[in-house]
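Please open the model in your viewer and keep the sequence panel beside it. The stops below are meant to be selected one after another.

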Amino acid sequence: MSTPPRTGGDLVVESLAALGAGTVFGLPGQHALALFDALHRSDLDYVGLRMENNAGFAADAHARVTGRVTPLLVSTGPGALMTLAALQEAAAASAPVLGVSSQVPTAGPGGTRRGHLHELRDQQASFRDVVKSVHLVRSAAQIPSALAAAWRSALEAPAGPVWVEIPQDVLLSPVPVPPVRALDGVPRPLPPRPELTEEAAALLDAARRPAVLAGGGVVRSGAQGALRALAEKLDAPVATTFGGKGAFPGDHPLSLGSWLEDRHTTAFLEDADVLLVAGSGLGELSSNYHTFAPRGRLVQIEADLGKLEANHPALALHADARPALEALAAAVTARAPGDGADRARALLERVGARIAAQDLGLEQEVLAAVRSALPDDAPSFWDMTILGYWAWSAFDPRSGPFHSAQGAGGLGYAFPAALGAAAADRTRPVLAVSGDGGAMYSIAELATARQYGLPVTWLIVDDGGYGILREYMTDAFGEASGTELARPDFVALAESFGVPAVRSAPERLGADLAAALGARGPSVVVLPAVLRMFAPTHR
């Protein structure tokens with residue numbers, strides 16, 4: 001049997017392997033078949049999902065937990081457009097996803113309307129406002145260099161998704177060039193300027209009430225050790241944003257937790273005479289819905305130039321969090337332990353008293369059951385659901401990665417994202433948490449979980465509707481509309497996919513989750529319960 005000729009599709013797969021890809025996610029389509037033919041003949045691990053947006057969420061999570069660029073392969077037109085919501089989430093969370101899409105044949109792009117299947121006037125335009133960079137390939141010779149440039153763009157701080165389009169005829173055409181052996185996708189570093197580091201260190205040394213707000217940039221850059229060293233030298237309490245959970249140990253005496261939707265925490269941060277904001281743009285959720293009004297000086301470390309001083313004036317360090325925090329930790333003067341731990345403990349007591357006064361025992365019981373069942377190092381992924389909103393503030397991820405869709409705020413993230421994380425490490429369980437509304441966005445991926453035997457336990461909190469929207473509407477308008485849902489029997493539905501499932505109750509949830517997480521392969525735990533949110537403090 002003769003060896004098939006190498007094609008543009010082979011150049012893509014060879015280039016991805018040379019750049020360091022190991023696992024790719026996607027969904028085939030007519031224009032992209034040469035990609036998937038080459039993928040089949042490669043050593044890359046392919047995980048195929050049932051819908052392109054879910055494949056994007058899986059690639060996003062894989063990139064988050066590995067810190068590496070993760071390819072997403074899809075087809076032209078509808079397939080490409082279906083990834084946009086996932087790519088928006090990846091952009092908001094700075095996840096380095098490399099989207100590779102086919103395109104209509106080369107005679108089509110550029111405004112010519114030849115009537116190709118899936119044809120768009122300008123497919124690239126749909127992605128330019130979502131991803132970091134867009135790359136169009138017009139010949140096979142351009143493929144390796146274009147993919148290397150995209151790979152580098154995805155990794156450079158601030159990391160984020162990128163998009164590459166390759167016409168169908170380029171993917172199908174035989175190529176005479178030798179196989180790709182090596183490509184350079186190493187990103188440029190983004191260190192702080194030394195004079196700014198010196199000024200920031202001087203401000204922190206002179207501070208009487210220093211504090212830190214740590215965002216997702218600390219986690220993404222692996223700066224947890226530098227942050228802890230800096231906080232301990234300064235005796236500075238540390239709060240983490242919802243995206244920054246895991247940046248600082250929740251059980252540390254200086255930890256303020258993540259209670260950012262709480263006026264006590266907002267007031268504490270406002271009272272700092274110097275507040276170091278690391279890896280956060282102080283956006284809506286991190287500023288208690290823009291009610292945060294600092295009275296002292298801000299020092300802001302941020303890799304995204306557009307977020308520097310976007311909401312508050314600051315001594316602004318345009319830098320990746322890790323080199324900036326390492327430089328600051330080395331530059332500040334260690335002080336004797338003072339009242340930092342006492343101030344942190346007093347704040348958490350005030351927050352705890354506020355929550356305790358609201359008759360929210362069921363919600364705290366459910367969250368505690370999840371925490372008790374989940375291994376300390378297990379990743380967890382949370383959808384936009386009431387239990388997920390509780391987790392932003394109240395869940396301690398310990399050493400396990402914690403991720404949610406709060407960057408862009410779309411539904412349906414948790415389960416496909418958990419599948420992407422499980423594909424990165426199939427030796428430990430992964431938890432996904434959804435409401436019944438969000439679960440319906442990705443229910444088809446039960447087939448993916450079963451096909452690949454991925455160790456994901458999916459907790460579905462079934463309250464018969466879009467619970468958080470029900471609360472918001474009732475609070476704002478006196479009654480809710482459009483929020484109530486007819487839904488399936490999730491246990492029977494999961495079992496129809498060959499995935500074991502159990503209907504639980506609050507008093508059994510810890511045991512049911514622990515058993516599911518301890519079993520091999522995918523599983524579903526359904527919790528019929530109507531949960532409530534704690535009262536907000538920003539209104």
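What follows is a walk through two sheets, the helices on them, a core and two single residues.

The model is predicted, so that local features are reported at pLDDT of at least 70 and side-chain atom pairs at pLDDT 80 or more, while totals for chains, interfaces and linings use all residues. Residues are numbered from 1 along each chain as its sequence is written, and side-chain values use heavy atoms, with hydrogens and water left out.

**Stop 1: the sheet around β3**

Begin by selecting β2, β1, β3, β4, β6 and β5, which in that order form an open sheet of 6 strands with parallel pairing. Helices and strands here are DSSP runs, numbered from the N terminus, with H or I over at least four residues for a helix and E over at least two for a strand; two strands are said to pair if DSSP finds at least two bridges between them. At the edges stand β2 (45–48) and β5 (134–136), each with a single partner strand, so one side of each is left without a neighbour in the sheet. From one strand to the next the twist averages 25°, where axes are lines fitted to C-alpha atoms, for helices over the stretch in contact, and angles run from 0 to 180 degrees between N-to-C directions.

Now narrow the selection to β3 (70–74). Of its 5 residues, 5 are buried, so β3 is largely enclosed by the rest of the structure; buried means under 20% relative accessible area, exposed over 50%, and partly exposed in between, with a 1.4 Å probe and protein chains only. In a regular strand the side chains alternate between the two faces of the sheet. In β3, T70, L72 and V74 lie on one side and P71 and L73 on the other, and all are buried.

Adding the partners of β3, one finds strand β1 (residues 23–26) joined to it in parallel by 2 bridges, with G26 opposite L73. β4 pairs with β3 in the parallel sense over 5 bridges, and there L73 stands opposite V100. Continuing outward, β4 and β6 are paired in the parallel sense over 6 bridges, with S101 opposite E165 in β6. Helix α7 (residues 143–155) packs on this sheet, touching β4, β5 and β6, and its direction makes about 165° with that of β6; contact means heavy atoms within 4.5 Å.

**Stop 2: helix α5**

Which residues of helix α5 (residues 84–92) are buried? They are A86, L87, E89 and A90. Viewed down the axis of α5, these buried residues fall within an arc of 155°, so they line one face of the helix, the arc being that of the directions from the helix axis to the C-beta atoms. They pack against several elements, including α3 (52–66), β3, β4 (97–103) and β6 (162–167). After α5 comes S94, whose phi is positive, near 55°.

**Stop 3: residues 198–328**

Next select residues 198–328, where an unreviewed UniProt entry places the feature "domain: Thiamine pyrophosphate enzyme central"; such annotations may be inferred rather than shown by experiment, their positions follow the numbering used here and feature names are shortened. Over this range the chain is 32% helix and 20% strand, and its end C-alpha atoms are 8 Å apart.

Then display the open sheet of 6 strands whose order is β9-β8-β7-β10-β11-β12, with parallel pairing. Its edge strands, β9 (255–257) and β12 (315–318), each pair on one side only, and the twist averages 15° from one strand to the next. Within it, strand β10 (residues 274–278) pairs with strand β11 (residues 297–302) in the parallel sense over 5 bridges, and the bridge partner of A278 in β11 is I301. Helix α9 (residues 194–206) packs on the sheet against β10, β11 and β12, its direction making about 135° with that of β12.

**Stop 4: core and single residues**

Finally, select L269, L387 and L459, which touch the most other members among the 102 residues of the largest nonpolar core, a core being a set of buried Ala, Val, Leu, Ile, Met, Phe, Trp, Tyr and Cys residues joined through side-chain atoms within 4.5 Å. The largest share of this core, 8 residues, comes from helix α17 (residues 414–424).

T457, in strand β16 (residues 456–462), counts as buried because its relative accessibility is 1%. P178, in the loop between α8 (168–172) and α9, counts as exposed because its relative accessibility is 61%.
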